[in-house]
Every structure is written in C-alpha cells, then in structure tokens.
Amino acid sequence: MDRKKGIYEIKVEDEIFCVRESVPYMEPVNGEYTIEDYYKLPEDQRFELIDGYLYVMLAPTVLHQLIAGEIHRQIANFIYEKNGKCLPLISPIDVQLDRDNKTMVQPDVAILCDKDKLMNRVIYGAPDFVLEVISPSTSRKDYTKKLAKYESAGVKEYWILDPYKEKLLIYDFDGENLPMICGFDTPQGINIYNGELQIYFTKIIEWIKEYRS
C-alpha cells in the first residue's frame, strides 16, 4: 500500500483489492461492475461507479468542503426564501444517473426539482443542476467523464468550480453547449432560475487564499 501514490487496499467479501484514487481499479474486469457491487463496498469509503468502472474517492479537503457548503447554503437560502419546490442537495448523495445498473455518482451540490426521482436512498435519473468542486486528483474525471455523463443524462446545467485555477465553467445544456468561463470577481446566476439565483464568491476567494495548498 502506497498512500503517497494514492494507492490503497480495500477488502470486499474476503477479497483484497488495490485501488488508486480517481482511476478505475481492476481494469481487466472491463467495466463490468454494477450497482450491486457498488453496495457491497465498505461504507466508510466513498466510491463512484461510471459505466461499470469503480472510482475511489478520498476524503475531501477543508477547502473543498467550505466551497461546496457555501454554494449549497446560498442555493438553499434562495429556494427557502422563495418557498420553492426544488430540493437543494449536498454530497454524499447517490445519483443513479443513467437509470441503469452501471453508473452511480455523487455530485458535490445538486438541485432536484422532480421529487418523483427520489427513490429510497437514491436520486433515480438526472438532477436539474449539478456543481462539482475540482480537486487536483479528480479534475480529469470532472472535466471529461462527468461532463459527458451529465449532459447525456439530461442535467440542465453543470458548473465546474476550480479553486486552483480560480475559474468557473458554466454549461447550460438547455442553451449554448459551449461553456461560459468566469472568474470569482462577480456573482453568477444559475440559469435554471433565469439568473435570479445569484452565487457570490466573496467568502470563497478568502478561503482559497487561506486554505489552498
């Protein structure tokens, strides 16, 4: 086991697997993992299942949690003040994105307006809005794999917030397909609320300066 290289051992049903953060493990299986396998994994370790491949997720950093929590707070405050019907959600929450047995993701922040998609412990289908906060080890997955999955599944809007490059990418899948690239100097409106829900980055800028390593 080499933690410096992001390699870990996990035990599932008396078998020990070596896993690496944010890359598929046991690749010879060739994408054959299912939702059933996902639920057999250790509960004290977070994973995502994408197209039959399992990805191990390390505990988020303080900066990551502060940013996700602040954006969730602003979204929740707006929805509750407007007596809105949508649900503001924050990770960890399982999203069976493709409604099949090959994909289960855990977006950092989401907005769900169709409550019929809540089934037992999961969201069954696409949320309306998703935000992912970039970590250095997960950037490739968030910028590529999850981008494609969220768009194809029917997510209306996808935000990628990168505190290391200090930029925000906004994908409005109901509008322009190209991302809008923003800094943190001005607030940005969430399109599913026609821009009325504004996200402010004042505290996030302070935290980036204090906690980014």
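I take helices (H or I, at least four residues) and strands (E, at least two) as DSSP runs, numbered from the N terminus. By that rule I place glutamate 166 in the loop between β11 and β12 (167–172).

**Ground rules.** I am working with a predicted model, in which local features need pLDDT of at least 70 and side-chain atom pairs count only at pLDDT 80 or more, while totals for chains, interfaces and linings use all residues. Residues are numbered from 1 along each chain as its sequence is written, and side-chain values use heavy atoms, with hydrogens and water left out.

**Overview.** I looked up the element count and found four helices and 15 strands in the protein chain. For burial I use relative accessible area: buried is under 20%, exposed is over 50%, and partly exposed lies in between (1.4 Å probe, protein chains only). Buried residues account for 48% of the 213 residues in the protein chain. Contact means heavy atoms within 4.5 Å. Of the contacts between residues at least 6 apart in sequence, 52% join residues at least 24 apart.

**Glutamate 166.** I returned to this loop residue and asked what it touches. Leaving out residues up to four places away in sequence, glutamate 166 touches Cys182, Gly183, Phe184, Ile208 and Arg212. The C-alpha atoms of glutamate 166 and glycine 183 are 6.4 Å apart, with these positions 17 residues apart along the chain counted as their separation. Glutamate 166 has 40% relative accessibility, so I enter it as partly exposed.

**Strand β10.** I checked residues 129–133 next. Five of the five residues of β10 are buried, so the strand is largely enclosed by the rest of the structure. Phe129, Leu131 and Val133 point one way, and Val130 and Glu132 point the other way. I count two strands as paired if DSSP finds at least two bridges between them. β10 pairs with β7 (residues 109–112) in the antiparallel sense over three bridges, and valine 109 has leucine 131 as its bridge partner. β10 also runs parallel to β11 (residues 157–162), joined to that strand by five bridges. Here glutamate 132 stands opposite isoleucine 160.

I then traced the connection: β10, helix α3 (residues 139–153) and β11 form a right-handed β-α-β unit. Right-handed here means that, with the strands pointing away from the viewer, the path from the first strand over the helix to the second runs clockwise.

**Small sheet.** I looked up the open sheet of three strands, which has the order β6-β9-β8 and mixed pairing. Its edge strands are β6 (94–96) and β8 (118–119), each pairing on one side only. β8 and β9 (residues 122–124) are antiparallel, with two bridges; methionine 119 is the bridge partner of valine 122.

**Helix α2 and helix α4.** I found α2 and α4 (residues 202–211) packed at an angle of about 175 degrees, with axes 10 Å apart. That makes α2 roughly antiparallel to α4, a label for angles over 145 degrees. On the α2 side the contact is made by Val62, Leu63, Leu66, Ile67, Glu70 and Ile71, and on the α4 side by Ile204, Trp207, Ile208 and Tyr211. I sorted these residues into nine nonpolar, no polar and one charged.

**Arginine 73.** This residue also lies in helix α2 (residues 62–81). Its relative accessibility is 40%, so I enter arginine 73 as partly exposed. The C-alpha atoms of arginine 73 and proline 88, 15 residues apart along the chain, are separated by 8.6 Å.

Notes
Axes are lines fitted to C-alpha atoms, for helices over the stretch in contact, and angles run from 0 to 180 degrees between N-to-C directions. Angles under 35 degrees count as roughly parallel, over 145 as roughly antiparallel, 65 to 115 as roughly perpendicular and the rest as oblique. Ala, Val, Leu, Ile, Met, Phe, Trp, Tyr, Cys and Pro count as nonpolar, Asp, Glu, Lys and Arg as charged, and the others, Gly among them, as polar.
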